[in-house]
Amino acid sequence: MKTSNQLLVLLILVAATVVTAEAQQKDVFADPKNLKVLPKDIGSKELSETMKGFATGLGLRCESCHVGEPNTPLDTFDFASDDKPMKQKARLMLRMQNAINDQHVASLNEIESGERVPVRCVTCHRGRPKPKLIEDELDEQLARSGAEAAVDVYKKLREQFYGSHSYDFSEMSLPMYAQALAARGELDAAVEFATINTANFPGSYYSFFVLAELNAAMGQTSAAIESYERAVELNPRAKPFLEGRIKALTADND
Ligand code: HEC
Ligand code: HEC
């Protein structure tokens, strides 16, 4: 208890120091020198909001794009510098985004006028520097280091990003991915991912059905029957259909 009180006092002191330091800093957004895409007369508030949108939209920090040391006051940064490649890429993206909104989204008005939904950084990026879908992340790891490493990546990403909008961890996402893998002939990896989904969603009929189908394709007859039976329990209306699958499986084996 004592230590946590001390910690609290310390935190308040630190917070107070930060606030004082911020109050003394000059407004880094007030007089931009090197805007090539944003309007040159942009207000300080608007520029500040735009930059916060870049940082949170991509899950980056100011120093990812700007020359400056992490955790140092903003007025020590050289924001006008174009030295960091990430800033140059962001500028290209800004141009792309303007073209999408001004030329393409806006031309929907020719068909039906109304409030247009603007495309923003976060629309694509969803809090990540490269807007990859979960299947892109897994494919990449699978090709580089195999199924086990890909499963590890899935678990780590799920731990870190579950509940955010960065990746789809919903019930259908892995079964669909597993089916895509199976269609590509990568059955081992497909079964691994389908199995993880049955652990993550123990009440999901579709997860067990997909796992059963993959087990069957692998010739894992008893595992397939077990998964079909679990699927029947979870969705009794599918019983005649699933019993048909089990029958076909045991007939194949005769
Ligand atoms: C994803 C990259 C990215 C991130 C993250 C980012 N910026 Fe920027 N910033 C840019 C780009 C690109 C420009 C130039 C835009 C243009 O040319 O119109 C810019 C311009 C600026 C400028 C104007 C500089 C000048 O003098 O022309 C300031 C100030 C600034 N950013 C501050 C920040 C701060 C503070 C943060 C963190 C909260 C931040 N930026 C995060 C990409 C980024
Ligand atoms: C229409 C979708 C879309 C929008 C909108 C979008 N981006 Fe991107 N962005 C991408 C894609 C896709 C990539 C990855 C391209 C690649 O590396 O192959 C990317 C890559 C980037 C990168 C390079 C990341 C890296 O690690 O190399 C930066 C920086 C970036 N975007 C900034 C922005 C900013 C800032 C905005 C808003 C002004 C924005 N993007 C808007 C789709 C988008």
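Partly exposed means a relative accessible area between the buried class, under 20%, and the exposed class, over 50%. Keep that in mind as you click through this predicted model.

**Whole chain.** Start with a cartoon view of everything. You'll get 12 helices and zero strands. Colour by burial if you like: of the 254 residues, 31% are buried.

**Helix H2.** Select residues 44–58, then show the side chains of Glu49 and Lys52. These two form a salt bridge, with 3.3 Å between the closest N and O atoms. They sit three residues apart in helix H2, so about one helical turn separates them. Glu49 has a relative accessible area of 48%, which makes Glu49 partly exposed because that value lies between 20% and 50%. Lys52, also at 48%, is partly exposed too.

**Lys87 and its partners.** Next, pick Lys87 and Asp82. Their salt bridge brings the closest N and O atoms to 2.9 Å. Is Lys87 buried or exposed? At 11% relative accessibility, Lys87 counts as buried. Add Lys36 and Arg91 to the selection, and you have a salt-bridge network of Lys36, Asp82, Lys87 and Arg91.

**Across to H12 and H10.** Now go for Arg245 and Glu213, another salt bridge, with 2.7 Å between the closest N and O atoms. This one links distant parts of the chain: Arg245 belongs to helix H12 (residues 239–253) and Glu213 to helix H10 (residues 205–217), 32 residues apart. Both ends are partly exposed, Arg245 at 34% relative accessibility and Glu213 at 23%. If you want to hunt for the others, the whole structure holds 13 salt bridges.

**Rings between H7 and H9.** Switch to aromatics; the whole structure has 10 aromatic pairs. Zoom in on Tyr154 and Phe193: their ring centres are 6.4 Å apart and their planes stand at 75 degrees, so the pair is edge-to-face. Tyr154 comes from helix H7 and Phe193 from helix H9, 39 residues apart, so to speak a link between distant parts of the chain. Both residues are buried. Widen the selection to Phe161, Tyr162, Tyr167, Phe169 and Tyr177, and together with Tyr154 and Phe193 you're looking at one aromatic cluster.

**The outside of H7 and H9.** Stay with these helices and turn on the surface. Which residues form a negative surface patch? Select Glu148, Asp152, Asp188 and Glu192. Helix H7 (147–161) and helix H9 (187–200) each supply at least two residues of that patch. Finish on Asp152, in helix H7, which is partly exposed at 41% relative accessibility.

Notes:
Residues are numbered from 1 along each chain as its sequence is written. Chains are lettered from A and ligands numbered from 1 in the order in which they are written. This is a predicted model: local features need pLDDT of at least 70, side-chain atom pairs count only at pLDDT 80 or more; totals for chains, interfaces and linings use all residues. Side-chain values use heavy atoms; hydrogens and water are left out. Patches are made of residues with over 30% relative accessible area and no salt bridge: like charges are joined within 9 Å, nonpolar side chains (Val, Leu, Ile, Met, Phe, Trp, Tyr) within 5 Å. Accessible areas come from the Shrake-Rupley method with a 1.4 Å probe; for residues, only the protein chains shown count as cover. A salt bridge is a side-chain nitrogen of Lys or Arg within 4 Å of a carboxyl oxygen of Asp or Glu. Lys and Arg count as positive and Asp and Glu as negative; His and the chain ends are not counted. The place of a charge is taken as NZ of Lys, CZ of Arg, CG of Asp or CD of Glu. Helices (H or I, at least four residues) and strands (E, at least two) are DSSP runs, numbered from the N terminus. Buried means under 20% relative accessible area, exposed over 50%, partly exposed in between (1.4 Å probe, protein chains only). Rings of Phe, Tyr and Trp (its six-membered ring) pair if their centres lie within 6.5 Å; planes under 30 degrees apart count as stacked, over 60 as edge-to-face and the rest as tilted.
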